[in-house]
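The following report describes a two-part reading of one model, first through its charged pairs and interface and then through its sheets. Please keep the sequence and the structure in view while reading.

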Amino acid sequence: MKDFDLVRLKDELGERGILISFSGPFSHSIIEELGKVVRNHLENTRLSRTAMMDVFAVYVEQAQNVGNYLRHWEQEPSGERIASSGIVVIARDGERYVVSSGNLMVQIDVAPLVVYLEQLRALDKAGLKALHKQKLRQPLSEAGGGGLGLIEMARKATMPLQYALTTVDAGVFFTLRVVI
Amino acid sequence: MDKLIIEATRSSPAIAFDAETSWLQIRGESYPENAAAFYAPVFAWLKEFLAEHDPAATVQVDLEILYLNSSSTKVMLNLFDLLDQVAQDGAPVVVNWRYDPDNETILECGQDLSEELEALTFNLVERPQELS
């Protein structure tokens with residue numbers, strides 16, 4: 001039991017302001033259920049409806065992005081570690097809400113993502129709206145992704161999107177942090 | 001032509017399209033697992049309807065969307081594009097985008113979509129506040 005200290009884990013979640021955290025298989029029904037939990041929680045706060053829906057929207061986009069990436073690896077013989085690497089966390093930081101997510105990625109997918117994130121980080125609200133308009137017309141990918149999710153997160157965020165890359169044995173762990 | 005009726009789920013809206021009255025309604029939230037797959041039957045119905053539609057009759061589209069994820073937003077624009085095409089050919093098409101005044105995100109989403117459309121009439125309609 002020494003390595004299974006739930007009291008310590010729970011204390012740490014509390015200290016970090018973590019309200020909801022999920023790590024495990026990202027099925028669509030899990031995304032729906034967690035979404036309900038997020039909404040129920042936020043409805044009991046004094047948050048405006050717009051802010052509440054923005055937190056919910058950022059959560060859905062992140063969870064679906066992670067889910068889509070992981071699902072792609074489920075079928076691959078070497079993809080098991082990636083397919084089970086997803087996490088999404090919703091935390092409170094003073095007056096702000098922070099929605100974060102993470103998953104393992106293969107190196108080859110990292111560079112284009114970083115280029116795209118840096119492009120988004122350099123844009124102001126007007127620039128993000130213009131890029132959104134441009135991407136709105138591009139067709140959906142086979143996986144169902146539209147390349148719009150990150151722009152929508154950036155438009156709802158109160159500061160530029162933050163990300164981190166951590167090299168681990170199995171590849172690169174990508175973390176995205178969005179402050180609303 | 002049969003009506004198209006799709007019941008709402010937690011992540012997909014209720015759809016009620018009636019060819020006889022040319023009244024198309026979408027209500028609820030939209031973040032299905034795969035937006036293209038969910039809306040495929042909606043597109044199929046709409047294409048058939050618009051091909052047979054009497055161009056003198058007004059098509060009325062009422063939307064009461066609480067949340068649209070990014071891929072649903074794309075699909076919704078494709079849907080409006082079909083309607084905009086028949087409007088460009090002279091058929092009257094009226095879209096009513098109903099939003100809660102305390103949900104600015106949905107108003108903004110309606111504005112973003114309306115900017116992409118040329119010929120159809122796109123109304124942003126504020127829903128009355130619910131009494132609490």
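A salt bridge is here a side-chain nitrogen of Lys or Arg within 4 Å of a carboxyl oxygen of Asp or Glu. By that rule the side chains of A:Lys156 and A:Asp54 form a salt bridge, with 3.9 Å from N to O. Because A:Lys156 belongs to helix H7 of chain A and A:Asp54 to helix H3 of chain A, the pair ties together parts that are 102 residues apart in sequence. The structure discussed here is a predicted model, and over all its chains it holds 18 salt bridges.

**The interface of chain A and chain B**

Between chain A and chain B the count is 10 salt bridges. One of the salt bridges in the model joins the side chains of A:Arg155 and B:Asp112, at 3.0 Å from N to O. Across the interface of the two chains, 19 residue pairs are in polar contact, both residues being at pLDDT 80 or more. On the side of chain A that touches chain B, the elements that give two or more residues are helix H2 (28-43), helix H3 (49-74), helix H6 (125-136) and helix H7 (149-156) of chain A. Of these, H3(A) supplies the largest share of that side, namely 10 residues. Sorted by class, the side of chain A that touches chain B has 16 charged, 8 polar and 8 nonpolar residues.

How many residues of each chain are in contact across this interface? In chain A there are 32 residues that are in contact with 27 residues of chain B. The size of an interface is often given as the accessible area lost when the parts come together. For chain A and chain B the buried area is about 2700 Å², and carbon and sulfur atoms give 45% of this. Within chain A, the residues that lose the most area to chain B are A:Arg49, A:Leu136 and A:Arg137, which together make up 22% of what that side buries.

**The sheet of chain A**

Chain A has an open sheet of 5 strands in the order S1-S2-S3-S5-S4, with antiparallel pairing. Strand S1 (18-23) and strand S4 (162-168) of chain A stand at the edges with a single partner strand each, so one side of each is left without a neighbour in the sheet. Neighbouring strands of this sheet are turned by 15° against each other on average, direction ignored. Three of the pairings are set out below, each with one pair of residues that stand opposite each other.

| Strands | Bridges | Residue pair |
|---|---|---|
| S1(A) and S2(A) | 5 bridges | A:Ile18 and A:Ala91 |
| S2(A) and S3(A) | 7 bridges | A:Ala91 and A:Val98 |
| S3(A) and S5(A) | 8 bridges | A:Ser101 and A:Leu176 |

A:Ala91 thus appears twice, as the residue of S2(A) that A:Ile18 stands opposite and as the residue whose bridge partner in S3(A) is A:Val98. S2(A) and S3(A) form a hairpin with 2 residues between them, and A:Gly94 in the turn has a positive phi of about 65°. Strand S3 of chain A covers residues 96-105 and strand S5 of chain A residues 171-179. H2(A) packs on this sheet, where it touches S1, strand S2 (87-93) and S3 of chain A, and the direction of H2(A) makes about 180° with that of S1(A).

**The sheet of chain B**

In chain B an open sheet of 6 strands follows the order S1-S2-S3-S4-S5-S6, with mixed pairing. The edge strands are strand S1 (4-6) and strand S6 (121-126) of chain B, each of which pairs on one side only. Here the average turn between neighbouring strands is 15°, direction ignored. Strand S4 (residues 59-68) and strand S5 (residues 93-99) of chain B run parallel and are joined by 6 bridges, and B:Val59 has B:Val93 as its bridge partner in S5(B).

Which strands of this sheet does helix H3 of chain B touch? Helix H3 (residues 104-114) of chain B packs on the sheet and touches S4, S5 and S6 of chain B, while its direction makes about 155° with that of S5(B). Helix H2 (residues 70-88) of chain B lies across strand S3 (23-30), S4, S5 and S6 of chain B, and runs at about 170° to S4(B).

Notes:
Residues numbered from 1 in each chain as written. Chains lettered and ligands numbered in written order. Predicted model: local features only at pLDDT ≥ 70, side-chain atom pairs only at ≥ 80, totals over all residues. Heavy atoms only, no water. Contact = heavy atoms within 4.5 Å. Buried area = accessible area lost by both parts, 1.4 Å probe. Polar contact = N/O pair within 3.5 Å; in protein donor to acceptor, adjacent residues only side chain to side chain. Helix = DSSP H or I, 4+ residues; strand = E, 2+ residues; numbered from the N terminus. Nonpolar A, V, L, I, M, F, W, Y, C, P; charged D, E, K, R; others polar. Pairing = 2+ DSSP bridges. Axes fitted to C-alpha atoms, helices over the stretch in contact; angles between N-to-C directions.
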